[in-house]
Amino acid sequence: MRAFYSTQKHLRVFILGTPEGWQVSVYDLPKHQWVENDGHIEPMLKTAKSAAHEKVSLMLGKTAPELKWH
């Protein structure tokens with residue numbers, strides 16, 4: 001299993017590699033709770049990263065800068 005994460009302001013985004021594909025989840029650091037964990041599986045890593053960027057942009061209310069993945 002592979003995993004990637006990125007932090008943007010107060011949100012930490014996780015991309016988890018599962019046998020079925022890639023799952024995107026968002027965690028709110030100050031509130032210590034998951035804010036986006038719908039269980040949707042993306043077929044490719046590229047689409048998962050795009051979905052993660054879109055989710056963060058929606059939560060911030062503006063276009064998020066490029067996410068740096070670790």
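Guide: A polar contact is a pair of N or O atoms within 3.5 Å; within protein, one atom must be able to donate a hydrogen and the other to accept it. The structure discussed here is a predicted model.

Visitor: Which side chain does the side chain of serine 25 join in a polar contact?
Guide: Serine 25 belongs to strand β3. Its contacts beyond four places in sequence include Arg12, Val13 and Phe14, and also Trp34, Glu36 and Asn37. Among these, the partner in a polar contact of 3.0 Å between side chains is asparagine 37.

Visitor: Does serine 25 count as buried or exposed?
Guide: A residue is called buried when its relative accessible area is under 20%. For serine 25 the relative accessibility is 3%, so the residue counts as buried.

Visitor: Which side chains meet in a salt bridge?
Guide: The structure holds one salt bridge. The distance from N to O in that bridge is 3.8 Å, and the cut-off for such a pair is 4 Å. The two side chains are those of glutamate 36 and lysine 55.

Visitor: How many residues apart in sequence are the parts that glutamate 36 and lysine 55 tie together?
Guide: Glutamate 36 is in strand β4, which covers residues 33–36. Lysine 55 is in helix α1, which covers residues 45–60. The pair therefore ties together parts whose separation in sequence is 19 residues.

Visitor: Is lysine 55 buried or exposed?
Guide: Beyond four places in sequence, lysine 55 is in contact with Val24, Val26, Glu36 and Asp38. Its salt-bridge partner, glutamate 36, is partly exposed at a relative accessible area of 22%. Since lysine 55 has a relative accessible area of 16% and the limit is under 20%, lysine 55 is buried.

Visitor: How many aromatic pairs does a search of the whole structure find, and which pair is tilted, at 6.0 Å centre to centre?
Guide: The search finds three aromatic pairs. The planes in the pair at 6.0 Å make an angle of 40°, and tilted pairs are those with planes neither under 30 degrees nor over 60 degrees apart. This tilted pair consists of phenylalanine 4 and tryptophan 22.

Visitor: How many residues apart are phenylalanine 4 and tryptophan 22?
Guide: Phenylalanine 4 lies in strand β1 (residues 3–8), and tryptophan 22 lies in strand β3 (residues 22–28). Both phenylalanine 4 and tryptophan 22 are buried. The pair links distant parts of the chain, with a separation of 18 residues.

Visitor: Which residue lies over the face of phenylalanine 4?
Guide: A charge sits over a ring only if, among other conditions, the charged atom is within 6 Å of the ring centre. At 5.4 Å from the ring centre of phenylalanine 4, the residue over its face is lysine 49.

Visitor: How far apart are the end C-alpha atoms of α1?
Guide: Helix α1 has 16 residues. At 1.5 Å a residue, its expected span is 22 Å. The distance between the end C-alpha atoms agrees with this, at 23 Å.

Visitor: What covers the buried residues of α1?
Guide: The buried residues of α1 are Ala48, Ala51, Ala52, Lys55, Val56, Ser57 and Leu60. Their cover includes strands β1, β2 (11–17), β3, β4 and β5 (41–42).

Visitor: By what distance are the C-alpha atoms of valine 56 and glutamine 8 separated?
Guide: Valine 56, in helix α1, is buried with a relative accessible area of 0%. Beyond four places in sequence, valine 56 is in contact with Gln8, Leu11, Val13 and Ala64. Although glutamine 8 is 48 residues away from valine 56 along the chain, their C-alpha atoms are separated by 7.9 Å.

Visitor: How many Å apart in space are methionine 59 and proline 19?
Guide: Methionine 59 is placed in helix α1 and is partly exposed, at a relative accessible area of 33%. Leaving out residues up to four places away, methionine 59 touches Leu11, Val26, Val35 and Glu36. Proline 19 is 40 residues from methionine 59 in sequence, and the C-alpha to C-alpha distance is 28 Å.

Visitor: Which residue follows α1?
Guide: The residue in question has a positive phi, near 80°. Following α1 is glycine 61.

Note on methods:
Residues are numbered from 1 along each chain as its sequence is written. This is a predicted model: local features need pLDDT of at least 70, side-chain atom pairs count only at pLDDT 80 or more; totals for chains, interfaces and linings use all residues. Side-chain values use heavy atoms; hydrogens and water are left out. Helices (H or I, at least four residues) and strands (E, at least two) are DSSP runs, numbered from the N terminus. Buried means under 20% relative accessible area, exposed over 50%, partly exposed in between (1.4 Å probe, protein chains only). Rings of Phe, Tyr and Trp (its six-membered ring) pair if their centres lie within 6.5 Å; planes under 30 degrees apart count as stacked, over 60 as edge-to-face and the rest as tilted. A charge sits over a ring if NZ of Lys or CZ of Arg is within 6 Å of the ring centre and within 35 degrees of the ring normal. Contact means heavy atoms within 4.5 Å. The expected span of a helix is 1.5 Å times one less than its number of residues.
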